[in-house]
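Here are some notes to read beside the sequence and the model, written for someone who is new to looking at protein structures. Please keep the structure open and find each residue as it comes up.

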Amino acid sequence: MLVESRERTSMPSVTAALSVRADLTAAHARAWRRLARPGTWWTGSERIAIAAETRHADDCLLCRKRKAALSPDALLGAHDHLGQLPLAAVDAIHRIRTDPARLSRSWMQRLSASGLTMERYVELIDIVAETVAIDTFAKGVGTRQRELPIPVAGAPTQRQPEGARAGGAWIDWVEPEDASAEEAGMYPSDRAPANIHKAMSLVPDAVRGFFDLVEHQYLPGPAMRDFGREYRAITHTQIELLAGRVSALNRCLY
């Protein structure tokens with residue numbers, strides 16, 4: 001079935017070979033609006049630049065050579081990049097996009113020493129992950145990539161959770177008991193947060209935004225564990241089979 005949907009003026013019209021659920025289309029539109037707005041540590045223009053660099057990383061010659069090397073640290077060189085972001089941010093984007101299985105604590109510490117704060121690193125990860133998810137979805141259903149939105153002017157809030165402290169990740173995170181009213185809604189209310197929630201909790205809006213997309217591209221938390229009912233066109237078993245295969249291809253440690 002050929003379906004055409006027209007979205008907000010900042011979004012291009014999209015022609016798809018498949019019918020797409022309305023809640024999923026709406027979640028993608030919200031993600032694009034979030035992308036355009038000033039974040040916690042990056043401006044709207046910088047957030048758009050991160051998304052553009054995420055797309056550009058696929059064509060980076062250094063990344064291709066490193067991907068084929070025994071160790072990514074075995075090759076020195078410069079990334080092919082768009083020239084809109086600090087080099088530490090460019091390296092983070094390219095490595096996360098093209099070789100995520102071989103990120104290391106020492107690499108992340110070098111980024112920090114180069115001036116990329118951990119708060120900016122976390123927000124950057126959210127932007128890269130959401131951009132890749134939406135672009136991959138478009139490719140999967142046979143639509144063209146969305147045009148990046150026009151950035152909204154304004155300054156980042158630069159708000160850091162007061163309860164953030166060292167935990168089980170490379171970066172500080174917020175345990176549920178340390179979350180203040182400012183972090184309300186960051187964690188599930190019906191169960192303990194997963195480590196992936198906590199790993200991004202240094203930037204609460206990144207957690208909220210990322211899981212708003214996840215719940216529509218995957219499943220909401222309660223539905224994930226409700227094996228008595230199917231919520232999608234494919235079953236829980238089929239979803240987990242696909243997720244497991246993709247994780248294996250990406251060599252996902254988690």
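The points below go through a cavity, two helices and several single residues.

1. Before anything else, please keep in mind that this is a predicted model, and that the values given here were computed from it.

2. A search of the whole structure for cavities of 30 Å³ or more finds one, and the volume of this largest cavity is about 50 Å³. As general background, rolling a probe the size of a water molecule over the atoms shows where empty space is left. The lining of the largest cavity is made up of Ala-31, Trp-32, Leu-35, Arg-47, Asp-126, Ile-127, Glu-130 and Thr-131. Two elements, helix H1 (22–36) and helix H6 (118–141), give two or more residues each to this lining, and H6 gives the most, with four residues. By character, the lining residues divide into four nonpolar, one polar and three charged.

3. Helix H4, which covers residues 87–98, has 12 residues and reaches 16 Å from its first C-alpha to its last, close to the 16 Å expected at 1.5 Å a residue. The helix is mostly covered, with 10 of its 12 residues buried; these are Ala-88, Ala-89, Val-90, Asp-91, Ala-92, Ile-93, His-94, Arg-95, Ile-96 and Thr-98. You will see that the list includes Asp-91 and Arg-95, both of which belong to the charged class. What covers the buried residues of H4 includes helix H2 (44–56), helix H3 (61–68), helix H5 (105–113) and H6.

4. Helix H8 can be read in a similar way. Its 14 residues should span 20 Å at 1.5 Å a residue, and its end C-alpha atoms are indeed 20 Å apart, so the span agrees with what is expected. Because 10 of the 14 residues of H8 are buried, the helix is largely enclosed by the rest of the structure. The buried residues are Pro-204, Ala-206, Val-207, Gly-209, Phe-210, Phe-211, Asp-212, Leu-213, Val-214 and His-216, and they pack against H1, H6 and H7.

5. Where does Ser-201 sit in the chain? Ser-201 is in the loop between helix H7 (195–199) and helix H8 (204–217), and it counts as buried because its relative accessibility is 0%, where the cut-off for buried is under 20%. A polar atom of the side chain of Ser-201 lies 2.8 Å from the backbone nitrogen of Val-174. When neighbours within four places in sequence are left aside, Ser-201 is in contact with Pro-161, Trp-173, Val-174, Met-186, Tyr-187 and Val-207, and Val-207 is itself one of the buried residues of H8.

6. Ala-164 lies in the loop between H6 and H7. Not counting residues up to four places away in sequence, Ala-164 touches Asp-172, Trp-173, Val-174 and Leu-202. The C-alpha atoms of Ala-164 and Lys-198 are separated by 9.9 Å, although these residues are 34 residues apart along the chain.

7. Asp-135 has its place in helix H6. With a relative accessible area of 11%, Asp-135 is buried, and, leaving aside its neighbours within four places in sequence, it is in contact with Arg-55 and Gln-145.

8. Two residues deserve a look for their backbone angles. In general, most residues other than glycine have a negative phi. Gln-158, which is not a glycine, has a positive phi of about 55 degrees; it is found in the loop between H6 and H7 and counts as exposed because its relative accessibility is 52%, where exposed means over 50%. Arg-251 also has a positive value, with phi near 55 degrees in a residue other than glycine. Arg-251 belongs to the segment after helix H10 (236–249) and is exposed, with a relative accessible area of 55%.

9. Is Leu-241 buried or exposed? Leu-241, which is found in helix H10, counts as exposed because its relative accessibility is 63%. From C-alpha to C-alpha, Leu-241 and Asp-172 are 32 Å apart in space, and they are 69 residues apart in sequence.

Technical notes: Residues numbered from 1 in each chain as written. Predicted model: local features only at pLDDT ≥ 70, side-chain atom pairs only at ≥ 80, totals over all residues. Heavy atoms only, no water. 1 Å grid on protein atoms, 1.4 Å probe; cavity = no way out; pocket = protein on both sides within 12 Å on 5 of 7 lines; lining within 4 Å. Points joined across faces, edges and corners; volume = space filled by probe spheres on them. Buried < 20%, exposed > 50% of the residue type's maximum accessible area, 1.4 Å probe, protein only. Polar contact = N/O pair within 3.5 Å; in protein donor to acceptor, adjacent residues only side chain to side chain. Contact = heavy atoms within 4.5 Å. Expected span 1.5 Å × (residues − 1).
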